[in-house]
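Please read the briefing below alongside the sequence and the coordinates. It moves from the whole chain to its nonpolar core and then to single residues.

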Amino acid sequence: MQRREMLKAVAGTVAVAMTASAMAASETHEHHHEHSASADNDFAGLIDTSADCLKTGEACLAHCITLLGQGDKEMAGCAQSVSELLATCDALMKLASQASSFTPAMAKVTADVCASCEKQCRKYEKQHDECKACADACAACLKACNAMAA
């Protein structure tokens, strides 16, 4: 019987600890949203648009890879373009989130990559929703990047 009571006590302690941990994580998450990097950051537009490019770009790249796997070699250019987009938008988002002094320079590079990716994805926007979403996100990010240069 003592062994059973000890196991119950340990299980109860673990449950309390897990609940407290989950509550603390929830508070930290809510606090993080109240004071997000984009709220007070001059680069908020770049953060938001580059994040959108990352989201739509990942979906577009996954779609391209699926089509390539099915033998549709026509999507190779799109996949390459989106891969470049993901690399630059990731870097831009990170620099902008940190309010880095390198953000404007990265925005110039990202603008070129967004323009190239948008052009590539527009070729397929009528056939593939993923390409249209990516092209639209590229256009918005390009606009934000160009506004930074102005």
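The points that follow describe the fold, the core and three individual positions.

This is a predicted model, and the protein chain in it has five helices and zero strands. Of the 150 residues of the chain, 33% count as buried, and the largest nonpolar core contains 35 residues.

**Overall fold**

- Read from the N terminus on, the elements of the protein chain follow the order α-α-α-α-α.
- When contacts between residues at least 6 apart in sequence are considered, 69% of them join residues at least 24 apart.
- The accessible surface of the protein chain amounts to about 9,300 Å², and carbon and sulfur atoms account for 58% of that area.

**The largest nonpolar core**

- Within the 35 residues of this core, the members that touch the most other members are Cys78, Val82, Leu85 and Cys121.
- At least two residues of this core are supplied by each of H2, helix H3 (76–97), helix H4 (103–122) and helix H5 (129–149).
- H5 provides the largest share of the core, namely nine residues.

**Cysteine 60**

- Cysteine 60 is placed in helix H2, which spans residues 44–69.
- Because its relative accessibility is 0%, which is under the 20% cut-off, cysteine 60 counts as buried.
- Once residues up to four places away in sequence are set aside, cysteine 60 touches Cys78, Val82, Cys121, Glu130, Cys131 and Cys134.
- Cysteine 60 and alanine 79 are 19 residues apart along the chain, and their C-alpha atoms are separated by 7.8 Å.

**Cysteine 121**

- Not counting residues up to four places away in sequence, cysteine 121 touches Cys60, Cys78, Val82, Cys131, Cys134 and Ala135.
- The contact between cysteine 121 and Cys60 is listed for cysteine 60 as well, and Cys78, Val82, Cys131 and Cys134 are among the residues touched by cysteine 60 and by cysteine 121.
- Two of these contact residues, Cys78 and Val82, are named together with Cys121 and Leu85 as the core residues that touch the most other members.

**Glutamine 120**

- Glutamine 120 lies in helix H4, and the range of that helix is 103–122.
- Glutamine 120 has a relative accessibility of 16%, and it therefore counts as buried, since the cut-off for that class is under 20%.
- Apart from its neighbours within four places in sequence, glutamine 120 is in contact with Gly77, Cys78 and Ser81.
- Cys78 thus appears in the contact list of glutamine 120, in that of cysteine 60 and in that of cysteine 121.

Methods: Residues are numbered from 1 along each chain as its sequence is written. This is a predicted model: local features need pLDDT of at least 70, side-chain atom pairs count only at pLDDT 80 or more; totals for chains, interfaces and linings use all residues. Side-chain values use heavy atoms; hydrogens and water are left out. Helices (H or I, at least four residues) and strands (E, at least two) are DSSP runs, numbered from the N terminus. Buried means under 20% relative accessible area, exposed over 50%, partly exposed in between (1.4 Å probe, protein chains only). Contact means heavy atoms within 4.5 Å. A nonpolar core is a set of buried Ala, Val, Leu, Ile, Met, Phe, Trp, Tyr and Cys residues joined through side-chain atoms within 4.5 Å. Accessible areas come from the Shrake-Rupley method with a 1.4 Å probe; for residues, only the protein chains shown count as cover.
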